[in-house]
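Visitor: Could you take me through one small part of this protein in detail? I would enjoy a close look at a single turn and the strands around it.

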Amino acid sequence: MRYFRKLSTLLIMIGITVSVPAQNITKVATTAAPFLTIGVGARAQSMGGAFVAQADDASALFWNVGGIAQLEKTEFVINHSAWIADIDYNFVGMVAPIAGIGAVGISVMQIDYGNFEQTTELRPEGTGVEFSASSIAMNLSYARALTDRFMFGFNIKYIEENLFNSTASGIAMDVGFLFITPIEDIRLGMSISNFGNKLKMSGDDLLVKVDIDQTINGNNDQINARIETREYDLPLLFRFGIAYDIINSNNNRLTVAVDALHPNDNAESVNLGGEFVYDNLLALRAGYSSLFRPDSEEGFTIGGGIYWEKMGLRLDYAYESFGRLSNIQKYTLHFMF
């Protein structure tokens, strides 16, 4: 009867979360700073990105900042991956619980797109000049357990994108909530990410020389002018998730999780994932990303982790399938002290 009840609870949990209405208009590629939606942590990614209700390590700084209120020790996390198109992606974060105050955190997310050769209309094969492109987001975080079952947190982030001699920057905020229900300790999580001002490129690359009236002969054709660029919204993302421990005894745990995603620049989708931890030593994980999203290249994920509890270390690995794009491997190291 106990396992029948657990199975029924699991099916209801999946049914509630998967009931996501489809969008007819996706508005793909209509926002700035899309790097802000790249998942952090091999553990969460190997679970298909279904982590908003789990959120119990330092990677919660990205998924659901309210979850860092669960941490009892200071935790440091380093994440690296070679993302699609040879893009280097890095994340470094630290969370410190403070008795009577809550948990505070700091993190940096950085993307290096590499170097490129400049081309022009007159020199399409290249000018011999190289330029680079990069993006960075720096976060300050705070979370607090308002009760023994309800946690709340927020991030304040500075965002900057750089392309050659031009820059766009802005300020944004994340908000996260986590509730541990009295029903089988099912966890409910919700987060709103990247709520902030629009980004607009500016810089020396937008300075040009123009002739303000080409119909007049003999006038100055070297008038200084600046190209006006449009402002673009940040990739606002709402997540709602449920996590449930089917097994939780004798240092063994089997967790399943489901997240529903509602972005402002793509179709709604669902992430599914699971994690099995054996003897607090070894973890095996699998999941599926972007279920129900039309034309998605994301899909199956798998990975694992090794715990060195006495040393306060954990090493996680994730493999993500990206369809016609190159597959991705992520590595994350956690220090707890």
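Guide: Let's start at Asn251, which sits in the loop between β11 and β12. Please keep in mind that this is a predicted model. The phi of Asn251 is positive, near 65 degrees, in a residue other than glycine. How covered is Asn251? With a relative accessible area of 45%, Asn251 counts as partly exposed, because partly exposed covers the range between 20% and 50%.

Asn250 belongs to the same picture: the hairpin of β11 and β12 has two residues between the strands, and in this hairpin Asn250 takes a positive phi near 50 degrees.

Now follow the two strands of the hairpin. Strand β11 spans residues 237-249 and strand β12 spans residues 252-263; the two run antiparallel and are joined by 12 bridges. One pairing you can look up on screen is Gly241, whose bridge partner in β12 is Asp259.

Strand β11 has another neighbour as well. Strand β7, residues 187-196, runs antiparallel to β11, and seven bridges join them. Here Met190 stands opposite Phe240 in β11.

Strand β7 brings us to a further asparagine with a positive phi. Asn194 is found in this strand, and its phi is near 70 degrees, again in a residue other than glycine. Asn194 has a relative accessibility of 3%, so it counts as buried, whereas Asn251 in the loop is partly exposed at 45%.

For one more asparagine, move to strand β5, residues 150-163, where Asn155 lies. Its relative accessibility is 1%, so Asn155 is buried too. The side chain of Asn155 makes a polar contact of 2.3 Å with the side chain of Ser141. Leaving aside residues up to four places away in sequence, Asn155 touches Leu61, Val65, Asn139, Leu140, Ser141, Ala172, Met173 and Asp174.

Stepping back, here is the setting for these details. The protein has three helices and 17 strands, and its C-alpha atoms fill a box of roughly 90 × 45 × 35 Å along the principal axes. Of its 337 residues, 43% are buried. Among contacts with a separation of 6 or more, 54% are between residues 24 or more positions apart. The exposed area is about 17,400 Å², with carbon and sulfur atoms supplying 60% of it. As for charge, there are 24 positive and 37 negative charges, and their mean positions lie 9 Å apart.

Methods
Residues are numbered from 1 along each chain as its sequence is written. This is a predicted model: local features need pLDDT of at least 70, side-chain atom pairs count only at pLDDT 80 or more; totals for chains, interfaces and linings use all residues. Side-chain values use heavy atoms; hydrogens and water are left out. Helices (H or I, at least four residues) and strands (E, at least two) are DSSP runs, numbered from the N terminus. Buried means under 20% relative accessible area, exposed over 50%, partly exposed in between (1.4 Å probe, protein chains only). Contact means heavy atoms within 4.5 Å. Accessible areas come from the Shrake-Rupley method with a 1.4 Å probe; for residues, only the protein chains shown count as cover. Lys and Arg count as positive and Asp and Glu as negative; His and the chain ends are not counted. The place of a charge is taken as NZ of Lys, CZ of Arg, CG of Asp or CD of Glu. A polar contact is a pair of N or O atoms within 3.5 Å; within protein, one must be able to donate a hydrogen and the other to accept it, and residues adjacent in sequence count only if both atoms are side-chain atoms. Two strands pair if DSSP finds at least two bridges between them.
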